[in-house]
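User: I am new to this structure and would like to be walked through it with a few questions and reasoned answers.

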Amino acid sequence: MKRVFLCKETAVGETRAALVPSDVKALDAMGYEIAVQSGAGLSIGHADDEYAAAGAKIAGTPQEGYQSADIVVRINKPEGPKGLAAGMLHISSFDVFNEKEAIGEFAAAGIGLVSLEMIPRTTLAQKMDIQSSQMSLAGYYAVLLAAARLPKILPMMTTPSGTISPAKIFIIGVGVAGLQAIATAKRLGARVEAFDTRPEVEEQVKSLGAKFIKIDLGQTGSTEQGYAKELTPEQIEIQRQAQAKICAGSDIVITTAKVFGRKAPLLLTKDMTAQMKPGSVIIDMAVKTGGNVEGSSPDGDVVLDNGVTIIGGDGLERFVPKDASDMFSGNIRAFLEHFWDDESKAFKIDFEDDIMRGCLITYGGKVVHGRCLKSVAG
Ligand code: NAD
């Protein structure tokens, strides 16, 4: 397997490309043969010529690309396995917990499926981690978006006409996105408070100059992979009550709280948002996995009767597609380099490799990923 085809993205609102010319060049030098669908990089300013200069062949249509490919790469999951042939490997993000049917279709079609968001969160795999690379940018952009929508500035400003107090920002969930949101909000001069259920986060919040809100939820913690453990309904209720006053006093609330493979916890109820100040802005970055904020929508902004705006903050990295593509492409390149086999001079699926075991969902006509196997069967 060494013929790689980069597809042009078709999802509405998608602005990124899964490979950029500099990484095509590096993979080409390694021994991969790359083909690129015409126009795949246009949204980030890379014309077909640049890919060709990096060593890629240009395919006019997806079908043309599929015909001579062993491996297909793209950012978003495709509509289905149509056009792909048995024995091929498809690499993209896949949202495996919500796509049981599609996983079954890929298995039945004999296509190997790699879901990039399932790559383990280990030090070795960090350079392939699309969740980290994309969510850092999304966290940064969430603050810019909220700042642009807020009817006041973020920093304190003292002028002869008076002193403006800094905006108050509350960030709930301090993983990859939350940390970048804190750093960005601090740089812009806001007063920042944050909370996360993982106790180790307190030091990270403080090191960024923000205040960590302490809420006694009893037993919490994280999984081996570093993800938060799910709270009980009682713990969530305690959290809501403790957060209500802070939300009411905040100009911006950004929620990023997720529990891997499960529905996001509902942390801001209607009662809580009703207490917030007119003009306040909430960004719910967990909107796609159920939402942290009651009433948030992935389809657009919701303005409440009290003048609070709730923005469904899904896919915010798409607003900075240049950097998001560079990072995503670097992640794919690292993945392809890791599984390059010098002996056969090709990509080799190593079933003993923890990274491969973590992200290979289907292979050889079967669902091979333990956790997905259970959910497809169920
Ligand atoms: P995520 O997107 O699953 O969750 C975002 C944040 O929400 C997490 O910090 C989580 O603790 C928090 N959260 C969940 N429920 C909450 C609640 N009720 N209230 C408040 N916060 C809540 O996680 P992520 O951002 O992708 O990553 C989380 C962590 O994983 C990282 O901070 C890091 O420790 C670890 N990680 C490790 C590596 C590695 O290479 N070792 C790479 C990436 C991430």
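The questions below deal with the domains, the ligand and a pocket of this predicted model.

User: Into which domains is the protein chain divided, and how far apart do their C-alpha centres lie?

Analyst: In this predicted model, the protein chain is divided into domain 1, made of 3-128 + 321-377, and domain 2, which covers 136-319. The contact between them takes 17 residues from domain 1 and ten residues from domain 2. As for the C-alpha centres of domain 1 and domain 2, they lie apart by 32 Å.

User: Where does the ligand lie with respect to the two domains?

Analyst: The shell around the ligand holds 25 residues, and those that come nearest are Arg121, Val176, Asp196, Arg198 and Gln239. By class, the shell divides into ten nonpolar, ten polar and five charged residues. Because domain 1 and domain 2 both give residues to this shell, the ligand lies between them.

User: Which residues have a backbone atom listed here beside an oxygen atom of the ligand, and how much of the ligand's exposed area does the protein bury?

Analyst: A backbone N or O atom of Thr122 lies 3.3 Å from an oxygen atom of the ligand, and for a backbone N or O atom of Lys258 the distance to a ligand oxygen is 3.4 Å. A polar backbone atom of Val176 is 2.7 Å from an oxygen atom of the ligand. Taken alone, the ligand exposes 830 Å², and the share of that which the protein buries is 87%.

User: Which residues lie nearest the centre of the second largest pocket?

Analyst: The second largest pocket has a volume of about 450 Å³, and its lining has seven nonpolar, five polar and six charged residues. Since domain 1 and domain 2 both give residues to that lining, the pocket lies between them. Of the 18 residues that line the pocket, those nearest its centre are Thr223, Gln225, Tyr227, Phe260 and Arg371.

Notes. Residues are numbered from 1 along each chain as its sequence is written. This is a predicted model: local features need pLDDT of at least 70, side-chain atom pairs count only at pLDDT 80 or more; totals for chains, interfaces and linings use all residues. Side-chain values use heavy atoms; hydrogens and water are left out. A residue is near a molecule or strand if one of its heavy atoms lies within 4 Å of it. A polar contact is a pair of N or O atoms within 3.5 Å; within protein, one must be able to donate a hydrogen and the other to accept it, and residues adjacent in sequence count only if both atoms are side-chain atoms. Accessible areas come from the Shrake-Rupley method with a 1.4 Å probe; for residues, only the protein chains shown count as cover. Ala, Val, Leu, Ile, Met, Phe, Trp, Tyr, Cys and Pro count as nonpolar, Asp, Glu, Lys and Arg as charged, and the others, Gly among them, as polar. Domain bounds come from an automatic or database domain assignment. On a 1 Å grid over the protein atoms alone, a cavity is a set of points where a 1.4 Å probe fits but cannot get out, and a pocket is an open set with protein on both sides within 12 Å along at least five of seven lines; lining residues have an atom within 4 Å of a point. Grid points are joined across faces, edges and corners, and a volume is the space filled by probe spheres set on the points. Contact means heavy atoms within 4.5 Å.
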